[in-house]
Amino acid sequence: MHMNKFLYFGDFLVVPAALAVFAYLAFAAQGGAAGPVYSSALCAGFIAWTLAEYWIHRVLYHHAPWLSELHERHHEAPRDLIGAPSFLSCGVVIAWSYLPFFAFAPVFAAGFASGALIGYAAYMVVHYATHHWRIEPGHWLYASRMRHIGHHVRGDADFGIVTGFWDRVFGTAGRRRVQRQEA
Ligand SMILES: [Zn+2]
Ligand SMILES: [Zn+2]
């Protein structure tokens, strides 16, 4: 759906608030002793986000009912603010990254969910930037922009936004371009 800026950018209220709550939950009970588990869980959550992001984009955004129609409209009008409301997206991220773990490993759950939310926020920033910022060669997001603009053109390659790593792992990195070169 088309969204107003409040719904589209609401992540930047929700994510910092959720990070503060998760840090409180992790450190209030154990203090600094929670640090190693919290920080390694945070790294794991961030990496898990990049993998989730790849498959969400490749499978759900390109093939699932409703989501694929929404995403197709984004492909057609990349600069319009189209997507699910950020409060809903943040809720989904927290649901899969926090709820499965919090009952038996609360510090891990808080760190893992924080890493996933940071990954989600990075995805929102990088994706918005690739379509709206002026990004010239040499800019730190130039490779990300080229990869994602390539995805808009080709549609069946370069699904990763935060990183192109999983495209290389799963064989979707700039596939058509390679095929054309081989032909
Ligand atoms: Zn896009
Ligand atoms: Zn797409």
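## Questions about a predicted model with two zinc sites

Visitor: What span should the 20 residues of α2 have, and how far apart are its end C-alpha atoms?
Guide: Helices such as α2 are DSSP runs (H or I, at least four residues; strands are E, at least two), numbered from the N terminus. The expected span is 1.5 Å times one less than the number of residues, so the 20 residues of α2 should cover 28 Å, and this agrees with the separation of its end C-alpha atoms, which is 29 Å.

Visitor: What kind of model is this, and how are its parts numbered?
Guide: Residues are numbered from 1 along each chain as its sequence is written, chains are lettered from A and ligands numbered from 1 in the order in which they are written, and side-chain values use heavy atoms, with hydrogens and water left out. Local features need pLDDT of at least 70, side-chain atom pairs count only at pLDDT 80 or more, and totals for chains, interfaces and linings use all residues, because this is a predicted model.

Visitor: Which residue with a positive phi follows α2?
Guide: The residue lies in the loop between α2 (11–30) and α3 (35–63), and its phi is near 60 degrees. Its relative accessible area of 26% makes it partly exposed, where buried means under 20%, exposed over 50% and partly exposed in between (1.4 Å probe, protein chains only). The residue is glycine 31.

Visitor: Which residues coordinate the zinc ion (ligand 1)?
Guide: Donors are N, O and S atoms within 2.8 Å of the metal (3.2 Å for Na, K and Ca), and since water is not among the atoms, sites may look incomplete. Along the chain the donors of this zinc ion follow the spacing H-x52-H-x3-H-x16-H-x3-H. Histidine 74 lies in helix α4 (residues 67–76) and histidine 148 in helix α7 (residues 142–154), so this pair ties together parts that are 74 residues apart in sequence. Coordinating through NE2 at 2.0 to 2.2 Å, the residues are His74, His127, His131, His148 and His152.

Visitor: Is histidine 74 buried or exposed?
Guide: Leaving aside residues up to four places away in sequence, histidine 74 touches Ile82, His127, His131, His148 and His152, a contact meaning heavy atoms within 4.5 Å. Its relative accessibility is 5%, so histidine 74 counts as buried.

Visitor: Which residues coordinate the zinc ion (ligand 2)?
Guide: The donor residues of this zinc ion are spaced H-x4-H-x8-H-x3-H-x75-H in sequence. Histidine 57 in helix α3 and histidine 71 in helix α4, 14 residues apart, link distant parts of the chain, and both of these histidines are buried. The NE2 atoms that coordinate the ion, at 2.0 to 2.2 Å, belong to His57, His62, His71, His75 and His151.

Visitor: How many disulfides does a search of the whole structure find?
Guide: A disulfide is counted when a pair of cysteine sulfur atoms lies within 2.5 Å. Cysteine 43 is partly exposed at 46% relative accessible area, whereas cysteine 90, at 1%, is buried. The number of disulfides found is 0.

Visitor: How many salt bridges does the structure hold?
Guide: A salt bridge is a side-chain nitrogen of Lys or Arg within 4 Å of a carboxyl oxygen of Asp or Glu. Glutamate 136 pairs with arginine 134, their closest N and O atoms being 3.3 Å apart, and arginine 154 pairs with aspartate 158 at 2.2 Å. Arginine 134 is exposed, while arginine 154 and aspartate 158 are both buried. The number of salt bridges is 2.
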